[in-house]
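Here are some notes for a colleague who has not met this structure before. Please read them beside the model.

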Amino acid sequence: MWEIIKTSLPQLLAAGFKYTIPLAIISFFFGLVIALVTALIRLSRQQGAFMILKWIAGFYVWLFRSTPLLVQLFIVFFGLPYLRIKGILPHGIKLEPFTAGIITFSLNTGAYASETIRAAISAVPVGQWEAGAAIGMTRWQILRRVILPQALRVALPPLSNSFISLVKDTSLAASITIMEMFAVSQQIAAENYQPLLMYSLVAMVYAAFTTVLSYLQTYLERVVNQHVSVKR
């Protein structure tokens, strides 16, 4: 058993640092960009034609929160090649596994994180907007200098939890042939006929990664909140 662990663990760690962690970080970055834009669109007070954009943003959030992540991965990787449009996409949309994973995880993360950001911005008292306007700041300046820094403190814990969950969710990427940690554990288990040992081992590696991330989350929260006075 120990010999299997000694030979398998480096392969799992290598897959983790080569695919799992980069896939999670890149997807989370793009997901946050999508989430911020989506949240701002849905919070906008613009009327007229802008309402169409708000409807599209709302539909996007509803769609990705209402469907399983695995199904989304399959649609993007296996389904889009069959989206053939004569004269425009005669061969469909064929994506590399890693690219398909980033697109899917980013869109999924963006949908969930947009609600977190929207709630965090809404949690900032209206008086902050009024105070900024009273000293002549534009709405964009108030948002950037006053509202978003306060919203960050509110959104940081749930967004950190979303990133930790995303690291674990990348195991689904094995279904579209990305050789991340879980896919490697499946491959090794097929060779040594020790599925219980291999799946338990990869579970421990995921647990180690998420534990480190949890400590980083605690540190970030402490840094962000260090200047906030707590009234008792």
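1. How much of the chain over residues 69–85 is helix, and how far apart are the end C-alpha atoms? The stretch is 65% helix and 0% strand, with its end C-alpha atoms 26 Å apart. Keep in mind that this is a predicted model.

2. Residues 69–85 are listed in UniProt, in an unreviewed entry, under "transmembrane region", together with residues 20–41 and 196–216. Over residues 20–41 the chain is 100% helix and 0% strand. The end C-alpha atoms of residues 20–41 are 31 Å apart.

3. The UniProt entry, again unreviewed, also places "domain: ABC transmembrane type-1" at residues 17–217. In the model this span is 78% helix and 0% strand. Its end C-alpha atoms lie 19 Å apart.

4. Two helices deserve a separate look. Helix 1 takes in residues 2–43 and helix 2 residues 50–66; their axes come within 9 Å and cross at roughly 130°. Why is helix 1 called oblique to helix 2? The label follows because the crossing angle is roughly 130°, and angles over 145 would count as roughly antiparallel. The crossing of helix 1 past helix 2 is left-handed.

5. Which residues make this contact? Helix 1 contributes Ile 34, Thr 38, Ile 41 and Arg 42. From helix 2 come Phe 50, Leu 53, Lys 54, Ala 57, Gly 58, Tyr 60 and Val 61. Sorted by class, the contact of helix 1 with helix 2 has seven nonpolar, two polar and two charged residues.

Terms used. Residues numbered from 1 in each chain as written. Predicted model: local features only at pLDDT ≥ 70, side-chain atom pairs only at ≥ 80, totals over all residues. Heavy atoms only, no water. Axes fitted to C-alpha atoms, helices over the stretch in contact; angles between N-to-C directions. Helix = DSSP H or I, 4+ residues; strand = E, 2+ residues; numbered from the N terminus. Parallel < 35°, antiparallel > 145°, perpendicular 65-115°, else oblique. Left-handed = near helix turned anticlockwise from the far one by under 90°. Contact = heavy atoms within 4.5 Å. Nonpolar A, V, L, I, M, F, W, Y, C, P; charged D, E, K, R; others polar. UniProt positions renumbered as here; feature names shortened; annotations may be inferred.
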